[in-house]
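This report covers one protein model. The sequence and structure come first, followed by notes on selected parts of the fold.

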Amino acid sequence: MRVPLVLLLTVLGSAGWAASAIAHGVSLQQQTVSSVEVQARYNSGEPMQEAQVTVYAPADPKRPWLQGTTDAAGRFLF
């Protein structure tokens, strides 16, 4: 009885491993671009995590051009 249990666990373990190995592929592309990075911090130096950011274009300062949030380090890149 012990051998079939070990065999069953081995088969199930292998099936689980195979299923996790059959994932979709990932394709990454890189390009060099000009960007602006904003770092928002409180007076204490603590980063402003997930702070709302609104960027306005100089030619149209009344209409938002881009909106987003800072990351965990208080950074926003555009």
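## Exposure and the model as a whole

A residue counts as buried when its relative accessible area is under 20%, as exposed when it is over 50%, and as partly exposed in between. By that cut-off Trp-65 is exposed, because its relative accessibility is 56%. The structure is a predicted model, so each value below is computed from predicted coordinates.

The protein has 78 residues, of which 9% count as buried. Its accessible surface comes to about 7200 Å², and carbon and sulfur atoms hold 58% of that area.

## Confidence

The mean pLDDT of the protein is 78, and 71% of its residues reach 70 or more. Over residues 5–9 the pLDDT is below 50, and in the model this stretch has zero contacts beyond near neighbours in sequence. Where pLDDT is low, the predicted coordinates should not be read in detail.

## Secondary structure

The protein has one helix and four strands. Read from the N terminus, the order of the elements is α-β-β-β-β. Among the contacts with a sequence separation of 6 or more, 32% are between residues 24 or more positions apart.

Strand 2 covers residues 52–57, and strand 3 covers residues 60–69. These two strands run antiparallel and are joined by six bridges. A hairpin of two residues connects strand 2 to strand 3. Within this pairing, Val-53 stands opposite Gly-68 of strand 3.

## The aromatic cluster

Which residues do the ring pairs link into a cluster? They are Trp-65, Phe-76 and Phe-78. The structure holds two aromatic pairs. In one of them, the ring centres of Trp-65 and Phe-78 are 6.3 Å apart and the planes meet at 65 degrees, so this pair is edge-to-face. The pair links distant parts of the chain, since Trp-65 is in strand 3 and Phe-78 is in the segment after strand 4, 13 residues apart. Phe-78 is partly exposed, because its relative accessible area is 29%.

The rings of Phe-76 and Phe-78 have their centres 5.9 Å apart, with 40 degrees between the planes, so this pair is tilted. Phe-76 has a relative accessibility of 8% and therefore counts as buried. The cluster thus includes buried Phe-76, partly exposed Phe-78 and exposed Trp-65.

## Thr-70 and the loop before strand 2

Thr-70 lies in the loop between strand 3 and strand 4, the latter covering residues 75–77. Is Thr-70 buried or exposed? Its relative accessible area is 5%, so Thr-70 is buried. Leaving out residues up to four places away in sequence, Thr-70 touches Met-48, Gln-49, Glu-50, Ala-51, Val-53, Arg-75 and Phe-76. Two of the residues in this list also appear above: Val-53 in the strand pairing and Phe-76 in the aromatic cluster.

The side chain of Thr-70 also makes polar contacts with backbone nitrogens. It reaches the backbone nitrogen of Glu-50 at 3.1 Å and the backbone nitrogen of Ala-51 at 2.8 Å.

## Glu-50

Glu-50 sits in the loop between strand 1, residues 37–39, and strand 2. What is the relative accessibility of Glu-50? The value is 66%, so Glu-50 counts as exposed. Most residues other than glycine have a negative phi. Glu-50 is not a glycine, yet its phi is positive, at about 55 degrees.

Glu-50 and Thr-70 are 20 residues apart in sequence, while their C-alpha atoms are 4.6 Å apart in space. Aside from neighbours within four places in sequence, Glu-50 is in contact with Thr-69, Thr-70 and Asp-71.

## Glu-46 and Gly-74

Glu-46 is also found in the loop between strand 1 and strand 2. At 48% relative accessibility, Glu-46 counts as partly exposed. The C-alpha atoms of Glu-46 and Gly-74 are separated by 8.4 Å, and the two residues are 28 positions apart along the chain.

Key. Residues are numbered from 1 along each chain as its sequence is written. This is a predicted model: local features need pLDDT of at least 70, side-chain atom pairs count only at pLDDT 80 or more; totals for chains, interfaces and linings use all residues. Side-chain values use heavy atoms; hydrogens and water are left out. Buried means under 20% relative accessible area, exposed over 50%, partly exposed in between (1.4 Å probe, protein chains only). A polar contact is a pair of N or O atoms within 3.5 Å; within protein, one must be able to donate a hydrogen and the other to accept it, and residues adjacent in sequence count only if both atoms are side-chain atoms. Contact means heavy atoms within 4.5 Å. Rings of Phe, Tyr and Trp (its six-membered ring) pair if their centres lie within 6.5 Å; planes under 30 degrees apart count as stacked, over 60 as edge-to-face and the rest as tilted. Two strands pair if DSSP finds at least two bridges between them. pLDDT is the predictor's confidence in each residue, from 0 to 100. Accessible areas come from the Shrake-Rupley method with a 1.4 Å probe; for residues, only the protein chains shown count as cover.
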